[in-house]
Structure formats: structure tokens, C-alpha cells
Amino acid sequence: MILSMKHLKRYKTMRIKRRKFLILGSLLGIAPYVNAKETTHFEKEFRKVEKTIAAVQEHMFPENSKLPSAASMHVTQFLFETITHKSFDRDIKAFVLEGAQELFSREKGRFTSMLEKEKERALRAYEETNYGSSWLSRIMTITMEGMFSDPIYGSNIKEAGWKAVGSYGGLPRPKTKYLGS
């Protein structure tokens, strides 16, 4: 739609009522942005280290092993959704972020591009610190929760985690993703 200067002047002086604004907005394609969720500070910080967390998870659960890979199970997204849920402990949430930032810093931002043997050495060195050991344990726990939880939570794709260990989730199965969502 091309507007002439005459139309623009008329629109500038015209007061648009809410209903007309919504109709006009939907016609112009801005409707998705009206209720857009603002990115939180935590989400911005998480996105900076997301690749580092994903690389750690993928190192723990690589392709071509007996268990499904971390990448194929979408465990990084599971981790993010889990720790950002309103019921998740905020101290653990901060710990997950800070531990990833620490690993990123220790390896000068190169962890994701390292060879597997270099990653193993870096993680073993990080594990030697109390902080690193606790952080890696927490990442392992949340990753395994994703791999073996009910698929409704966004991981354990096609029940691959359950099938790999010959076990299945409990009954009754959840019908909603989280309580109180």
C-alpha cells in the first residue's frame, strides 16, 4: 500500500481509536509485536553462553553413542525452559549461567571450537575446581532430566531416551507441560 503525502497529512491529524488501530495494525502486520514478550536480562546473558552449554551437553552425550545425542534431544532448549520457569530455584538458575560464563572465560571463548580431546581436557581441568565440579554435575543432572523426562517437556524426542535404556515413564503421563503455567 503506497500512501501519498495527502493521505499522510490526513492520518497525522486524525485520532485513531483503539479498534481502528488494531484493525490497521493487523492489516500492516504489526499484530504479532503488540503482545511481544520483552527479552529478559537473564535470557540475554543465557544467549551469550548458550553455545558453550550446548557444547558441554554434546560432549557428555555425543552423536553415535548408545544413548541419543544431546543435540538430537534438544536438551539445551529443555535446560533453558526449565531454569526460566517461575518455579525454578533462582540461585540454581544463576549458578547455571555463572558456571557457563566461567567456562567461557577460562577457555577464552574457544570451548565450542575445540577438538573433542581439547574439550575433554578443558572439562577435566574445570572439574578439578569445586565450582566447576558442581556446575558440571548440575548440567549433567538437568541434561539427563531432559533426556529421560516425558516428551511433553520438549526433550526425549520420540521417547528415544526411554527406548535407549529400555524403560518408560510413569503413568499417568502428564497432560500439561508444567503445573501452574
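At what angle do helix 7 and helix 8 pack, and how far apart are their axes? Hi everyone, let's start there. This is a predicted model, and in it helix 7, residues 116–127, packs with helix 8, residues 130–148, at an angle of about 115°. Their axes are 6 Å apart.

Who makes that contact? From helix 7 we have Leu 123, Tyr 126 and Glu 127. Across from them, helix 8 brings Tyr 131, Gly 132, Ser 133, Trp 135 and Leu 136. Sorted by class, the contact of these two helices has 5 nonpolar, 2 polar and 1 charged residues.

Now, the pocket, which I suspect you've been waiting for. The largest one has a volume of about 180 Å³. Its lining consists of His 59, Met 60, Glu 120, Leu 123, Arg 124, Glu 127, Ser 133 and Leu 136. Helix 4, residues 41–60, helix 7 and helix 8 are the elements that each give two or more residues to this lining. Helix 7 gives the most, with 4 residues. By class, the lining splits into 3 nonpolar, 2 polar and 3 charged residues.

Last stop, helix 6, residues 90–106. Its 17 residues reach 24 Å from first C-alpha to last, close to the expected 24 Å at 1.5 Å a residue. Which of its residues are buried? They are Phe 95, Val 96, Leu 97, Gly 99, Ala 100 and Leu 103. These buried residues pack against helix 4, helix 5 (75–83), helix 7 and helix 8.

So back to our pair: helix 7 and helix 8 pack with each other, both contribute to the lining of the largest pocket, and both meet buried residues of helix 6. Thanks, everyone!

Key
Residues numbered from 1 in each chain as written. Predicted model: local features only at pLDDT ≥ 70, side-chain atom pairs only at ≥ 80, totals over all residues. Heavy atoms only, no water. Axes fitted to C-alpha atoms, helices over the stretch in contact; angles between N-to-C directions. Contact = heavy atoms within 4.5 Å. Nonpolar A, V, L, I, M, F, W, Y, C, P; charged D, E, K, R; others polar. 1 Å grid on protein atoms, 1.4 Å probe; cavity = no way out; pocket = protein on both sides within 12 Å on 5 of 7 lines; lining within 4 Å. Points joined across faces, edges and corners; volume = space filled by probe spheres on them. Expected span 1.5 Å × (residues − 1). Buried < 20%, exposed > 50% of the residue type's maximum accessible area, 1.4 Å probe, protein only.
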